[in-house]
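Please take a moment with the sequence and the model shown below, and then read on for a guided walk through a few of its parts.

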Amino acid sequence: MAFTMYSCKECGSDLNLNPNDMFPPDFYFEAGNKGTISFAAVDADKFRFEKEDKIMPFFETLNYWGIQRKRTKIKCNSCGHLVGYIYDDGPPLTGGIGQYGFGPSQVVPRAPRYRFKTKTLLISSQT
């Protein structure tokens, strides 16, 4: 039985990511999937989490001047290298189809998704 191991590309530290917690590659997310792999859970002892609250300039009208983006950076605990981000666009926590049956919305609490950039990881298989 092959076991996949994920390590930090910068320092080689094992990140203890469980392949059983990985989302399928074709699972739809609002923030996209290009060049990343996503997990439903991680070992918090292996990472440092930093909140990021950023307003990006976007001038549509005089009263509307930015898009607010809230996310959390995931950094390797050993070397501090940025390996990914946490987004709150995972599956709904309520198990329903959204508020009033109209589908997912921002009102419905969503599970966190741990999205790692594949270029920051060393992925190896062991038997």
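The paragraphs below turn to a nonpolar core, then to a buried arginine, and finally to a residue in a loop.

This is a predicted model, and a convenient place to begin is its largest nonpolar core, which has 14 residues. Those with the most contacts inside this core are L15, L17, F39, F47, I74 and F116. At least two residues of the core come from each of the strands β1 (3-8), β2 (36-39), β4 (66-76), β5 (82-87) and β6 (113-117). The surroundings of I74 can be followed in more detail: setting aside residues up to four places away in sequence, I74 touches F47, R48 and F49, then H81, L82, V83, G84, Y85 and I86, and also Y114, R115 and F116.

Strand β4 also holds R71, and here one may ask whether R71 is buried or exposed. Because its relative accessibility is 11%, and buried means under 20%, R71 counts as buried. Its side chain makes a polar contact of 3.4 Å with the side chain of Y85, and another polar contact, of 2.9 Å, joins the side chains of R71 and Y87. When neighbours within four places in sequence are left aside, R71 is in contact with E50, K51 and E52 as well as with Y85, I86 and Y87.

The last stop is N16, which lies in the loop between β1 and β2. Most residues other than glycine have a negative phi. N16, although not a glycine, has a positive phi of about 55°. With a relative accessible area of 42%, N16 is partly exposed.

Note on methods
Residues are numbered from 1 along each chain as its sequence is written. This is a predicted model: local features need pLDDT of at least 70, side-chain atom pairs count only at pLDDT 80 or more; totals for chains, interfaces and linings use all residues. Side-chain values use heavy atoms; hydrogens and water are left out. A nonpolar core is a set of buried Ala, Val, Leu, Ile, Met, Phe, Trp, Tyr and Cys residues joined through side-chain atoms within 4.5 Å. Buried means under 20% relative accessible area, exposed over 50%, partly exposed in between (1.4 Å probe, protein chains only). Helices (H or I, at least four residues) and strands (E, at least two) are DSSP runs, numbered from the N terminus. Contact means heavy atoms within 4.5 Å. A polar contact is a pair of N or O atoms within 3.5 Å; within protein, one must be able to donate a hydrogen and the other to accept it, and residues adjacent in sequence count only if both atoms are side-chain atoms.
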